[in-house]
Amino acid sequence: MAKKVLIAAPSDIVNLATFLKEKSVGSQYAYSGKEVQLEISKGNFSALTVHENIAKHPLPMILNYIQSNCPELPTVVLSKDVDNKDICSLGVETYKNIRYINSASLSDPPEVIYGLLDLESALFSNAKATSDIVSDEEDISKDDVDFSKIAIKDFISGKVVQFDVFVMLSSGKYVKILHTGDSFTSDRIAKYAKKTDSLYILKSDREKYIEFSNYMLDKFADKQVHPSLKISLSKNSIEKFTESLFDEGINPKSIQKGKKICGSIHKLISADKSLYKSFNKLQNMDPNAYSISYLTAFFSSMIAFNCELKSASSIETMAMAAMLLDIGMTEIPDEISGKKAAEMTPEEHKVYETHPALGSQLVEKTNIISNTIPQIIMQHHEASDGSGFPRGLKDIRLQMLSKIVYMANFFAFFIVDRNLGPFDGLKKIISDPDLRDKFNQPILKNFIKIFIDPEKLASLETSHSQSNNVKSA
Ligand SMILES: [Fe+2]
């Protein structure tokens, strides 16, 4: 039987019906308790949602009917107050297969997506009910160094996860609260949020967490979700990515400096209304936009430190430009901006090549007073070998800061687009002579220096000299 949900509510819940339709799940409304009983008795439904304000027959009566006649039917109560004492006093909360979802979360963007995902998990997964939380917890004997922290406010509920999730007790002990293959409902997260600010995953699961955040980001790409939620998801992913740089052998001090600069630049952008509007618009158009902007600013800052650029204000100016490089894309027609550069026709590519100039003009209209930022944005696709656009300028005619940002942006795009780890990305670039020639050579050297692990550097140098031999042969 195809899946079909009976939605018992005083009026239509459009978000819910649309959400179910997108998942090829049918739905039917029942506007009174009587209708609910009648429809359920026909046995045509795979799940039921009941709004607490359903007309005729109070909610507890409907739930009692379900428990007596079809106790296996997954049922979700949509209630403004999930701790509703009237319901709990009837002992309904101990009934199996009944879950509570905050009904406000189905109507208030950006919370709407949390509510719908919770419903999905409650109705169609084998996730454990709220009452099972305590028995689910499991003590783990691992050290602090094995765990990676996630802010609980940033944790996304609903989706089945491919990694274990832990909380840390005041004794310092870690307890597993979510197993791989299970899902987390928002009420369950809320329960832990009362006690702690953070959840933990194993460092060995960091890649899976990045994949999870990116998956959610893709899932939200076409949805009307507030940009702040998308940015928060990207931040999670980026946070774990930058953490993984430690394992790649990158100097922890450089990482901290880069992160600090990116944090303050993001605050500066948020403070300028028109700039933030364009920044959010770009994020809405492209789920990878924030990751690429952040990583470009992050790597630019780290290269600048290695180049021993002394001026803090120059580094901040450069990082600001790096974060805003692609805002000109918001002025490009959707049918072109939605394509990858390699998929564009020559005519479309010509239009795409105008985005540096458009971005530069956008920034000039804001309160930003630095002239350097529009100039860097204008030159962010200009390569040192003259193969870039829009003007095909060669190294000597490019600004130093633009050359740093070009290197960082190329690298950020390269690893995000190809889903590569930073070290693998670097190795691919260095072993390809055509790619290497695109960059200013001293800047490339300083970029490589970020990766300080001597063993890894040695293997890079070997592949570098081998490819040089091939080139000169
Ligand atoms: Fe660009």
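Helices α12 and α18 sit oblique to each other in this predicted model. The two pack at an angle of about 135 degrees, with their axes 8 Å apart. That angle falls short of the range over 145 degrees that would count as roughly antiparallel, so the pair is called oblique. As for handedness, α12 passes α18 in a right-handed crossing. On the α12 side, the contact is made by Ser-291, Ile-292, Leu-295, Thr-296, Phe-299, Ser-300, Ile-303 and Ala-304. On the α18 side, it is made by Ile-404, Val-405, Met-407, Ala-408, Asn-409, Phe-411, Ala-412, Phe-413 and Val-416. Sorted by class, these residues come out as 13 nonpolar, 4 polar and no charged.

Why do several of the contact positions recur at short intervals along a helix? An α-helix has 3.6 residues a turn, so residues three or four places apart point the same way. In α12, Ile-292, Leu-295, Phe-299 and Ile-303 are among the residues that touch α18.

Another partner of α12 is helix α13, which covers residues 312–324. Here the packing angle is about 155 degrees and the axes are 7 Å apart. With over 145 degrees as the cut-off, α12 and α13 are therefore roughly antiparallel to each other. This crossing, too, is right-handed. The residues that α12 brings to this contact are Ser-293, Thr-296, Ala-297, Ser-300, Ser-301 and Ala-304, while α13 supplies Ile-315, Met-318, Ala-319, Ala-322 and Met-323. The tally by class is 7 nonpolar, 4 polar and no charged. Thr-296, Ser-300 and Ala-304 turn up in the contact with α13 and also in the contact with α18.

What about α12 itself? This helix runs over residues 289–306, 18 residues in total, and reaches 26 Å from its first C-alpha to its last. That is close to the 26 Å expected at 1.5 Å a residue. The helix is mostly covered, with 16 of its 18 residues buried. Phe-305 lies in α12 but is partly exposed, because it has 19 other C-beta atoms within 10 Å and a buried residue needs 20 or more. The C-alpha atom of Phe-305 is 9.5 Å from that of Ile-450, even though the two are 145 residues apart along the chain. After α12 comes Glu-308, whose phi is positive, near 60 degrees.

Helix α11, residues 273–285, also has the length one would expect. Its 13 residues should span 18 Å at 1.5 Å a residue, and its end C-alpha atoms are indeed 18 Å apart. Buried residues in α11 are Leu-275, Ser-278, Phe-279, Asn-280, Leu-282 and Gln-283.

Back in α18, Tyr-406 is one of the helix's residues. It counts as buried because it has 28 C-beta neighbours inside 10 Å. Setting aside neighbours within four places in sequence, Tyr-406 is in contact with His-380, Glu-382 and Ala-383. Lys-438 is 32 residues from Tyr-406 in sequence, yet the two are 9.2 Å apart in space, C-alpha to C-alpha.

The loop between α17 (372–378) and α18 (400–417) holds several residues worth a look, including Leu-398. Is Leu-398 buried or exposed? It is buried, with 21 other C-beta atoms within 10 Å. Leaving out residues up to four places away in sequence, Leu-398 touches Gln-379, Glu-382, Ser-384, Leu-393 and Lys-403. Glu-382 is thus on the contact list of Leu-398 and on that of Tyr-406 as well. Between the C-alpha atoms of Leu-398 and Gln-379 there is a separation of 7.4 Å, with their places 19 residues apart along the chain. Put plainly, Leu-398 and Gln-379 are 19 residues apart along the chain.

Pro-390 is found in that loop too, and the peptide bond leading to it from Phe-389 is cis, with omega near 5 degrees. Next to it, Arg-391 also belongs to the loop between α17 and α18. Arg-391 is partly exposed, with 16 other C-beta atoms within 10 Å. In sequence Arg-391 and Met-378 are 13 residues apart, and in space they are 9.6 Å apart, C-alpha to C-alpha.

Zooming out, the protein chain has 22 helices and 10 strands. Of its 473 residues, 37% count as buried. Among contacts with a separation of 6 or more, 69% are between residues 24 or more positions apart.

Technical notes
Residues numbered from 1 in each chain as written. Predicted model: local features only at pLDDT ≥ 70, side-chain atom pairs only at ≥ 80, totals over all residues. Helix = DSSP H or I, 4+ residues; strand = E, 2+ residues; numbered from the N terminus. Buried ≥ 20, exposed ≤ 12 C-beta atoms within 10 Å, placed from the backbone. Contact = placed C-beta atoms within 7 Å. Expected span 1.5 Å × (residues − 1). Axes fitted to C-alpha atoms, helices over the stretch in contact; angles between N-to-C directions. Parallel < 35°, antiparallel > 145°, perpendicular 65-115°, else oblique. Left-handed = near helix turned anticlockwise from the far one by under 90°. Nonpolar A, V, L, I, M, F, W, Y, C, P; charged D, E, K, R; others polar.
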